[in-house]
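Please examine the structure shown here together with its sequence. A short series of questions and answers will then introduce it.

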Amino acid sequence: MNNRIDASVTFSYKGQTLAPSVSLDLDRFLEKEGKLPDLHLLLATENNIGLYSYEYEVLQAYPLVFANAEGLAAEFLVGEEFDVEGFIAAWKLSKVVERLEEIAGRHLGEADLNARPALRAALIEAYELGRQREGE
């Protein structure tokens, strides 16, 4: 699944209305860093706005606007607001479920855990128990 979203900010600077935007490959960031970058900073760098400029300070004062979500990200876009934390949690769970489906397929012949919600829940609970035990 390809998770993408567009982020932008519209603001006025020196009498001009500016609207820097960036299209985000959310999977790339989460697979590489486990989190999304500072999106105001990314907007500035992708749109040639100096990070030590007043223009950047003005950009930071305005809220991000999101649009054109694809994949799982679309479930977390409401109007122009994107639930970043909710999306990240759901994305991480989807990666766990993918691995659990591989295991269930090898050992139980069950490749689609959505078809067996009780089995899916049991495997996720076992996974969480294992994670908790690692922390002890």
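The questions below concern a sheet, a helix that packs on it, and one loop residue.

This is a predicted model, in which local features need pLDDT of at least 70, side-chain atom pairs count only at pLDDT 80 or more, and totals for chains, interfaces and linings use all residues. Residues are numbered from 1 along each chain as its sequence is written, and side-chain values use heavy atoms, with hydrogens and water left out.

Q: In what order do the 3 strands of the open sheet stand?
A: Strands (E, at least two residues) and helices (H or I, at least four) are DSSP runs, numbered from the N terminus. Two strands pair if DSSP finds at least two bridges between them; β1 (residues 4-8) and β4 are joined by 5 bridges. The pairing in the sheet is antiparallel, and the order is β4-β1-β5.

Q: Which strands stand at the edges of the sheet, and why is one side of each left without a neighbour?
A: Strands of a sheet pair through backbone hydrogen bonds, either parallel or antiparallel. Each edge strand has a single partner strand, so one side lacks a neighbour in the sheet; these strands are β4 (21-25) and β5 (65-70).

Q: What angle does the direction of helix α1 make with that of β4?
A: Axes are lines fitted to C-alpha atoms, for helices over the stretch in contact, and angles run from 0 to 180 degrees between N-to-C directions. Contact means heavy atoms within 4.5 Å. Helix α1 (residues 26-33) packs on the sheet, touching β1 and β4, and its direction makes with that of β4 an angle of about 60°.

Q: Within what arc do the buried residues of α1 fall?
A: Buried means under 20% relative accessible area, exposed over 50%, and partly exposed in between (1.4 Å probe, protein chains only). In α1 the buried residues are Leu26, Asp27, Phe29 and Leu30. The arc is that of the directions from the helix axis to the C-beta atoms. Seen down the axis, these residues line one face of the helix, because they fall within an arc of 165°.

Q: Which residue caps the N-terminal end of α1?
A: A side-chain oxygen of the capping residue lies 3.3 Å from the backbone nitrogen of Asp27. In the sheet, the capping residue stands opposite Arg4 and belongs to β4. The cap is Asp25.

Q: Is Asn114 buried or exposed?
A: Asn114 is found in the loop between α4 and α5 (117-134). Its relative accessibility is 55%, so Asn114 counts as exposed.

Notes: A polar contact is a pair of N or O atoms within 3.5 Å; within protein, one must be able to donate a hydrogen and the other to accept it, and residues adjacent in sequence count only if both atoms are side-chain atoms.
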